[in-house]
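Student: I should like to work through the charged contacts and the strand pairing of this model. Please reason each point through before naming the result.

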Amino acid sequence: MREEFPQVFHLDAVDREDDAAVELARGLRAIEIKAPFVLTSVHGQKLAARIEGPGVVQRPLEGANQTWAAKLGAMARHSGADAIVAVGGGRTIDMAKLAAARGGLVVVAVPTRLSHDGICSPVAARGPRRPHGQPACTA
């Protein structure tokens with residue numbers, strides 16, 4: 001039986017990405033994720049490729065929104081997935097959180113960038129994309 005979430009697992013740093021991918025797949029089995037539905041960014045593709053699951057590995061679209069996430073959650077649920085595994089950065093993890101919530105599934109975040117708090121926050125933010133350096137709001 002699964003323990004309550006969230007749980008944080010630290011995988012040891014390894015020299016080769018292939019070794020990290022094998023370790024990730026092993027870690028998912030250790031927490032009883034047997035049928036993961038994988039969402040990945042460009043930077044997470046190599047890690048995600050080693051995870052076997054019921055669906056084709058998906059990438060969030062540039063304009064992905066709540067509607068897209070709801071469809072992804074339904075697709076994951078209907079495929080027989082028991083979790084959505086997000087391998088990537090902010091957009092990938094946020095879309096996975098939304099999709100998992102809509103599909104009634106567990107989300108597993110595997111960050112490829114640690115420059116955001118998405119890995120430990122229950123919040124997912126999706127809105128119009130801003131040019132780099134532009135503030136989120138103006139007074």
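The following exchange concerns a predicted model.

Student: How many salt bridges does a search of the whole structure find?

Tutor: The criterion is a side-chain nitrogen of Lys or Arg within 4 Å of a carboxyl oxygen of Asp or Glu. Applied to the whole structure, the search yields two salt bridges.

Student: Which residue forms a salt bridge with Glu-23?

Tutor: The partner lies three residues away in helix 1 (residues 17–30), so about one helical turn separates the two. The closest N and O atoms are 2.7 Å apart, and the partner of Glu-23 is Arg-26.

Student: Is Lys-97 buried or exposed?

Tutor: Lys-97 lies in helix 4 (residues 90–103), about one turn from Asp-94, with which Lys-97 forms a salt bridge at 3.7 Å between the closest N and O atoms. Buried means under 20% relative accessible area. Lys-97 has 13% relative accessibility and therefore counts as buried.

Student: How does Glu-23 count at 30% relative accessibility?

Tutor: The buried class ends under 20% and the exposed class begins over 50%. A value of 30% falls in between, so Glu-23 counts as partly exposed.

Student: Which residue in strand 2 is the bridge partner of Leu-39?

Tutor: Leu-39 points the other way from Pro-36, Val-38 and Thr-40 in strand 1, where five of the five residues are buried. Strand 1 pairs with strand 2 (residues 83–88) in the parallel sense over five bridges. The bridge partner of Leu-39 in strand 2 is Ala-86.

Note on methods: Residues are numbered from 1 along each chain as its sequence is written. This is a predicted model: local features need pLDDT of at least 70, side-chain atom pairs count only at pLDDT 80 or more; totals for chains, interfaces and linings use all residues. Side-chain values use heavy atoms; hydrogens and water are left out. Helices (H or I, at least four residues) and strands (E, at least two) are DSSP runs, numbered from the N terminus. Buried means under 20% relative accessible area, exposed over 50%, partly exposed in between (1.4 Å probe, protein chains only). Two strands pair if DSSP finds at least two bridges between them.
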